[in-house]
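Visitor: Hello! I would like a close look at one small part of this protein, and I would be glad if you could then show me how the rest is arranged around such a part.

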Amino acid sequence: MLRGAPQIRNFRHLCRLLRCKKSYLRRICAHTDWYYREFTDKGRPIAEPLGELRVLQQRLQYLLSEIDLPEYMHGGVKGRSPLTNARLHVGKAAVLNFDIKQFFPSVKPRYVYKMFYKHLRFPADVAHWLTKLVTFKEQLPQGAPTSTVVANLVILPLCRRLKILSSKHNSNYGQFVDDGTLSGPLYLENLRILIEKIIRQEGFQASPKPHKRKTRHYWEEQVVNGVRVNKRIGVPQDKLYQIQEQIRSLQTFSPNASFEKEYRSVRGRITWAMSLDNKKGRELNQQLNSAVHSGSQQHLL
């Protein structure tokens with residue numbers, strides 16, 4: 001049993017924890033398809049739970065978030081972030097990245113049931129109804145408040161195996177939802193075949209996309225979860241270039257609603273950059289102020 005896991009004795013106790021009647025929970029779980037709004041966001045299929053279903057999922061998400069996950073799991077965990085994961089890998093000779101292919105769609109109801117029943121040791125009927133509550137169309141829906149915490153719990157056995165592997169090779173390991181990273185000796189790339197075998201053994205597939213399966217050495221730019229980790233935490237070169245291009249583009253904007261939207265976007269990205277590298281963030285802020293002043297002067301002429 002994981003530390004912090006709720007002790008759910010039976011279905012009646014589950015309903016008490018979710019603050020609902022037994023008939024109410026059965027009805028919602030029997031017709032979850034009534035409560036989803038499906039759409040696409042940047043090419044990703046999103047299934048957003050609505051109304052009564054969303055309320056129940058939020059209550060369950062609160063209960064499951066109390067479970068104490070290992071220090072190497074960073075995605076969707078209170079007090080952890082892409083930055084806390086990146087810090088594990090600063091100044092390493094090699095940084096190996098991998099990605100679990102089609103992660104949320106790959107988390108099938110049978111995996112979720114197994115996690116609730118065998119790993120959290122909930123009664124069979126409780127595991128059954130919870131699986132109904134958090135899955136949609138035979139997978140974890142991207143957009144549900146429960147999906148990340150449930151996914152973390154499902155892949156916990158996989159993460160434990162990868163942690164053991166990394167320790168055997170004097171390496172650090174961190175997992176941010178579907179993105180995994182090992183950092184350590186120069187030969188880490190030699191472990192990729194074994195890493196991908198372990199992923200398959202746990203019922204998943206590693207992404208074959210080249211940009212998802214990179215090993216970067218200390219003489220190259222090393223990036224973890226969008227954060228540069230060579231020697232110290234910093235802003236990746238491609239992100240820096242994108243921010244600078246966005247700043248330059250502001251000089252062509254007229255002072256209208258579109259300008260305000262773009263300005264807020266740049267300001268937000270600069271704030272993010274400053275959280276990684278304060279000096280670089282201040283430089284970008286100066287560039288932004290100069291670009292805005294220059295643009296306003298041009299429109300006055």
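Visitor: Let us take F103: is this residue buried or exposed, and what is its relative accessible area?

Guide: Happy to help, and please keep in mind that this is a predicted model. F103 has a relative accessible area of 4%. Buried means under 20%, so F103 counts as buried. Its neighbour in the sequence, F104, has a relative accessibility of 14% and is buried too.

Now look at the rings. A pair of aromatic rings is described by the distance of the centres and the angle of the planes. For F103 and F104, the ring centres are 5.4 Å apart and the planes meet at 50°. Stacked pairs have planes under 30 degrees apart and edge-to-face pairs over 60, so this pair is tilted.

F103 has another ring partner, F204. Here the centres are 6.1 Å apart, the angle between the planes is 50°, and the pair is again described as tilted. F103 sits in helix α5, while F204 belongs to the loop between α10 (192-201) and β6 (215-217), so their pair ties together parts that are 101 residues apart in sequence. With a relative accessible area of 2%, F204 is buried. Step back a little and you find a cluster: ring pairs link F103, F104, Y111 and F204. In the whole structure there are nine aromatic pairs.

Helix α5 (103-106) also leads us to the largest pocket, since α5 supplies at least two residues of the pocket's lining. Other elements that do so include β2 (44-49), β3 (94-99), β5 (179-184) and α11 (237-249). The space in this pocket comes to about 1100 Å³. Its lining has 37 residues, and those closest to the pocket's centre are D99, D178, D179, H211 and K212. Sorted by class, the lining holds 12 nonpolar, 13 polar and 12 charged residues.

Next, follow the chain to some other helices. In α1 (residues 11-18), the buried residues are F11, H13, L14, C15 and L18. They pack against α2 (22-30), α3 (51-64) and α7 (124-134). Where α1 starts, a side-chain oxygen of N10 comes to within 3.2 Å of the backbone nitrogen of R12. After α1 comes R19, with a positive phi near 60°.

Helix α7 can be viewed from its own side as well. V126, A127, W129, L130, T131, L133 and V134 are its buried residues. These pack against several elements, among them α1, α2, β1 (36-41) and α6 (109-119).

One more stop is S166, which lies in helix α9 (residues 156-168). Its relative accessible area is 0%, so S166 is buried. Leaving aside residues up to four places away in sequence, S166 touches S171, N172, Y173 and L182.

Finally, here is the overall picture. The protein chain has 13 helices and eight strands, and its C-alpha atoms fill a box of roughly 70 × 50 × 30 Å along the principal axes. Of the 301 residues, 44% are buried, and F103, where we began, is one of the buried residues. Among contacts between residues at least 6 apart in sequence, 68% join residues at least 24 apart.

Methods:
Residues numbered from 1 in each chain as written. Predicted model: local features only at pLDDT ≥ 70, side-chain atom pairs only at ≥ 80, totals over all residues. Heavy atoms only, no water. 1 Å grid on protein atoms, 1.4 Å probe; cavity = no way out; pocket = protein on both sides within 12 Å on 5 of 7 lines; lining within 4 Å. Points joined across faces, edges and corners; volume = space filled by probe spheres on them. Helix = DSSP H or I, 4+ residues; strand = E, 2+ residues; numbered from the N terminus. Nonpolar A, V, L, I, M, F, W, Y, C, P; charged D, E, K, R; others polar. Buried < 20%, exposed > 50% of the residue type's maximum accessible area, 1.4 Å probe, protein only. Contact = heavy atoms within 4.5 Å. Polar contact = N/O pair within 3.5 Å; in protein donor to acceptor, adjacent residues only side chain to side chain. Phe/Tyr/Trp six-rings, centres within 6.5 Å; stacked < 30°, edge-to-face > 60°.
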